Structure formats: C-alpha cells, structure tokens
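Colleague: I should like to learn how to read the features of a protein model, one at a time. May we go through them together?

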Amino acid sequence: MKFFIDTANLAQIQEAQDLGILDGVTTNPSLMAKEGIKGEEAIMKHYVTICETVKGDVSAEVISTDFNSIIEEGKKLAALHPRIVVKVPMIKDGVKAIKWFTENKIRTNCTLVFSAGQAILAAKAGAAYVSPFIGRIDDSSWDGVDLIAQIANIYSMQSFKTEILAASIRSPLHIVKCAEAGADVCTCPLDSILGLLKHPLTDIGLAKFLEDAKKTR
Ligand code: E4P
C-alpha cells in the first residue's frame, strides 16, 4: 500500500518525505486555504513546489463544476508538472471530464466518493484513483472501511485498474484497517502516519535495552 500525505503544508510534506515512506501528496481547496495560499499564481506555484519536494503523484483539485471549465482548469493543472494528478469531484460533469482526461492521457483522482456506485462510475470513466472519504462516512455513523472493502472486491472482480485511495483518514487505526480492506493508497494527515510508530512496549523495551547497554560499556 502506498502512503500519501493529505496536506498542503510544506513543512509536514518535507517531514514525511524525510521519513522515507512517502509516495505522494493529496491537496484540496480547504487544505490550500488553511495554508493561506491565495490567488491563481500562488496556488500554481505551490503545486510546483510540492512536486519538487516529493517524488510521487500530487493531486491538485479543480474548483470548476461544469464540463468545459473543468477541462480548461485541469489542463492548466496537468501542464504544471508531469506528476500532477487532476482531482475531479464525483458529479455528472466531473465523470464526463474524467473520461475526457483519460482519453487525453491526463491522470485523474475522482474525489468526494461515498458509495460503491460512485466508485464504479469513476472506474468506468478511467480515473487513475478513486477517493472514498472514510472519516466523513464514519462521522455519519456508517463504516468507511466497509466501503473500501466493498470497492476493493468490486474492482478485483471486474478487473478495474483504478487505484483505491482511502481518504479522510482520521487515525493510525484507519490506516491499518484500510490496508486490511485492500486500499492501494492511504492519504493521511502527518499525525496519523507518525501514530503508527507508537507502542508502549517499544518504549519500555528500548529503555531497558539502553539501560542494560550501559553495563556493557
Ligand atoms: C482527500 O483527498 C481529501 O483531501 C481529504 O482526505 C479529506 O479529508 P477530511 O475529511 O479530513 O477533510
């Protein structure tokens, strides 16, 4: 399973990159706004900086919602860097646009996916990635991880090539459960990635080893 970081914060992207386990980045308009990035020029520049920091795919989201505008915006984003993946919402014009991008060799990430039916449409249109938002599903008292397992089963039975990118991750446990359920990628906040490191027995064991090592020096 690949690890993406879900942020537009350059320091956090660098920290995950330095850990050596980062395969890509996802952003969205809310994450860009959180970093105070304003204006088209600044936004475009920020995407390029992210692409230069990380070796993997970088999802950049369109804010247009009609077919022609999604195509124009997506073409501009894709032209920024070969590893940009155009993130397109799961709406009717979005599906049409994903199909157009696929036919024109521009890779897409279909975002705001909350059902298996939506995931089938995204795959049929040729999306490189589909992003089910598991945390937001959990927030509505459904089980987000169940959706990952359902999509993984359908994609495997139907031989769809679209990668399942589990999004809206809230915890280290989400990452483990998504790996078990067959996600190809997890896009996570830095805290959830670092949370995977933690186990009290590791800390206790290391303290004991270091204490005993003193006896051997
Ligand atoms: C995915 O690509 C989205 O950017 C993200 O995972 C949404 O997460 P949230 O539900 O925490 O906003």
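**Reading the model feature by feature**

Modeller: Let us begin with a single residue: glutamate 61 lies in strand E3, which spans residues 57-61. Please keep in mind that this is a predicted model.

Colleague: Is glutamate 61 buried or exposed?

Modeller: The general idea is a cut-off: a residue is called buried when its relative accessible area is under 20%. Glutamate 61 has 14% relative accessibility, so it counts as buried.

Colleague: Which residues is glutamate 61 in contact with, leaving aside its neighbours within four places in sequence?

Modeller: They are Thr27, Asn28, Pro29, Tyr47, Glu73, Leu77, Lys87 and Thr111.

Colleague: Let us turn to a helix. Which residues of helix H1 are buried?

Modeller: Helix H1 covers residues 10-19, and its buried residues are Ile13, Ala16 and Gln17. When one looks down the axis of H1, these buried residues fall within an arc of 105 degrees, so they line one face of the helix. The face turned away from that buried side carries the exposed residues Ala11 and Asp18.

Colleague: What do the buried residues of H1 pack against?

Modeller: Their partners are two strands and two helices, namely strand E1 (2-6), strand E2 (24-26), helix H3 (40-53) and helix H10 (190-195).

Colleague: Which residue caps the N-terminal end of H1?

Modeller: That residue is asparagine 9, with a side-chain oxygen 3.0 Å from the backbone nitrogen of alanine 11. Just after H1, at the other side, glycine 20 takes a positive phi of about 85 degrees.

Colleague: How should I read the sign of phi?

Modeller: As a general guide, most residues other than glycine have a negative phi. A positive value in another kind of residue therefore deserves a note. In this structure, lysine 105 has a phi near 60 degrees, a positive value, and is not a glycine. Serine 168 likewise is not a glycine and has a positive phi of about 60 degrees.

Colleague: Where is lysine 105 found?

Modeller: Lysine 105 lies in the loop between helix H5 (92-103) and strand E5 (108-113). Its relative accessible area is 76%, and lysine 105 is exposed.

Colleague: Is serine 168 buried or exposed?

Modeller: Serine 168 is found in the loop between E7 and H9. At 8% relative accessibility, serine 168 counts as buried.

Colleague: My next topic is charged pairs. How many salt bridges does a search of the whole structure find?

Modeller: The idea is to look for a side-chain nitrogen of Lys or Arg within 4 Å of a carboxyl oxygen of Asp or Glu. A search of the whole structure finds ten such salt bridges. One of them joins lysine 2 to glutamate 163, where the closest N and O atoms are 3.0 Å apart. This pair links distant parts of the chain, since lysine 2 belongs to strand E1 and glutamate 163 to strand E7 (residues 163-166), 161 residues apart. Lysine 2 is partly exposed, with a relative accessible area of 27%, and glutamate 163 is partly exposed, at 24%.

Colleague: Which residue forms a salt bridge with lysine 208?

Modeller: Aspartate 212 does so, with the closest N and O atoms 3.3 Å apart. These residues are four residues apart in helix H11 (residues 200-215), so about one helical turn separates them. Aspartate 212 counts as partly exposed at 24% relative accessibility, and lysine 208 counts as partly exposed at 43%.

Colleague: Which other side chain does aspartate 212 meet in a salt bridge?

Modeller: The side chain of lysine 215 meets that of aspartate 212 at 2.8 Å, N to O. Here too about one helical turn lies between the partners, because they are three residues apart in helix H11. Salt bridges that share partners join Lys208, Asp212 and Lys215 into one network. Lysine 215 counts as exposed, at 64% relative accessibility.

Colleague: Finally, which residues form a nonpolar patch on the surface?

Modeller: Leu173, Val176 and Leu196 form a nonpolar patch, and together they have about 250 Å² of accessible area. Within this patch, valine 176 is found in helix H9 (residues 172-181). Valine 176 is partly exposed, with a relative accessible area of 40%.

Notes. Residues numbered from 1 in each chain as written. Predicted model: local features only at pLDDT ≥ 70, side-chain atom pairs only at ≥ 80, totals over all residues. Heavy atoms only, no water. Buried < 20%, exposed > 50% of the residue type's maximum accessible area, 1.4 Å probe, protein only. Arc of directions from axis to C-beta. Contact = heavy atoms within 4.5 Å. Polar contact = N/O pair within 3.5 Å; in protein donor to acceptor, adjacent residues only side chain to side chain. Patch = residues over 30% accessible without salt bridge, like charges linked within 9 Å, V, L, I, M, F, W, Y side chains within 5 Å. Areas by Shrake-Rupley, 256 points an atom, 1.4 Å probe, with all protein chains shown as cover.
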